[in-house]
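Q: I am new to this structure and would like a close look at a single part. Please take me through the largest pocket and what surrounds it.

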Amino acid sequence: DMRGEMAARIRRHDWSNSSLGPLPEWPAALQTALSICLPAGFPMGILWGKHHLQFYNDASIPLLGTRHPLLGRPVRESWPELWEGLEPTLQQVMADGESVTLRNQPVPLVREGVEEEAYFTVSCAPLYTGAGDIGGISVTALETTGQVVTERRVQARVEAYDAAQKRAEAALRESQE
């Protein structure tokens, strides 16, 4: 029996009105994927079915900020501002069965009452059913906000140095004329 907040939420949720139906009737592939996702120490999620119903583990909760809980909701409803860019990737994974990695994607979040633009590298991999069809997508997210911010600072310093160098060279040329 799974432990943790999200496992408990899955058990308590009324699934009768969802496309999945009652929990005991869920596809074995989804149940297996959840048994891997839920106890994982890194943020992981599952987008199941054609509407990409969201499941995720406890490690994902701090990353989601005020968006939590998203359990069982379609991605399109929960992340409308990201949907246009995300939809082609999700369709590609579901159609081709190829994993896709999105690097340093901006994600607007509110965490601890503060609006921020966080960055994530996200891996989307197909989840196959017993019949060999793709039933959903496994999502693993790694926050890269610190890396992106550091790279921007370094780039800004390089640009400032280059501009100062050009000004110095121009001043030197003028003084020699």
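A: Start with the character of the wall. The lining of the largest pocket has 22 nonpolar residues, six polar residues and no charged ones. Keep in mind that this is a predicted model.

Now the space itself. The largest pocket holds about 660 Å³. Its lining counts 28 residues, and W79, L86, V122, V139 and A141 lie closest to the centre.

Where does the lining come from? Seven elements each supply at least two residues: strand 1 (44-48), strand 2 (53-56), helix 3 (61-64), helix 5 (80-96), strand 3, strand 4 and strand 5 (134-143). Strand 3 gives the largest share, with five residues.

The strands named here belong to a sheet. This sheet is open and has five strands, in the order 2-1-5-4-3, with antiparallel pairing. Strand 2 and strand 3 are the edge strands, and each of them pairs on one side only. On average, neighbouring strands are turned by 30 degrees against each other, direction ignored.

Helix 5 packs on this sheet. Helix 5 touches strand 1, strand 3, strand 4 and strand 5. The direction of helix 5 makes about 145 degrees with that of strand 3. Helix 5 is also one of the elements that supply at least two residues to the pocket lining.

Another helix meets the strands too. Helix 6, residues 145-176, lies across strand 3, strand 4 and strand 5. Helix 6 runs at about 125 degrees to strand 4.

Look next at how the strands are joined. Strand 3 covers residues 100-111, and strand 4 covers residues 114-128. These two run antiparallel, and ten bridges join them. At one point along the pair, P108 stands opposite E117 of strand 4. Strand 3 and strand 4 form a hairpin, with two residues between them. In the turn, E112 has a positive phi of about 50 degrees.

Strand 1 and strand 5 make another antiparallel pair, over five bridges. Here W48 has G136 of strand 5 as its bridge partner.

For contrast, turn to the second largest pocket. The second largest pocket has a volume of about 200 Å³. Eleven residues line the second largest pocket, and M2, I10, L23, L34 and L38 are the closest to its centre. Helix 1 (5-12) and helix 2 (28-37) are the elements that give two or more residues to this lining. The lining of the second largest pocket divides into seven nonpolar, two polar and two charged residues. The lining of the largest pocket has no charged residues.

Helix 1 has one more feature to point out. Side chains of opposite charge can pair when their charged atoms come close. The structure holds one salt bridge. The side chains of E5 and R9 form it, at 2.9 Å from N to O. Both E5 and R9 lie in helix 1, four residues apart, which is about one turn of the helix.

Back to the part you asked about. The largest pocket is lined by 22 nonpolar and six polar residues, and strand 3, an edge strand of the sheet, gives the largest share of that lining.

Methods:
Residues numbered from 1 in each chain as written. Predicted model: local features only at pLDDT ≥ 70, side-chain atom pairs only at ≥ 80, totals over all residues. Heavy atoms only, no water. Pairing = 2+ DSSP bridges. 1 Å grid on protein atoms, 1.4 Å probe; cavity = no way out; pocket = protein on both sides within 12 Å on 5 of 7 lines; lining within 4 Å. Points joined across faces, edges and corners; volume = space filled by probe spheres on them. Nonpolar A, V, L, I, M, F, W, Y, C, P; charged D, E, K, R; others polar. Axes fitted to C-alpha atoms, helices over the stretch in contact; angles between N-to-C directions. Contact = heavy atoms within 4.5 Å. Salt bridge = Lys/Arg side-chain N within 4 Å of Asp/Glu carboxyl O.
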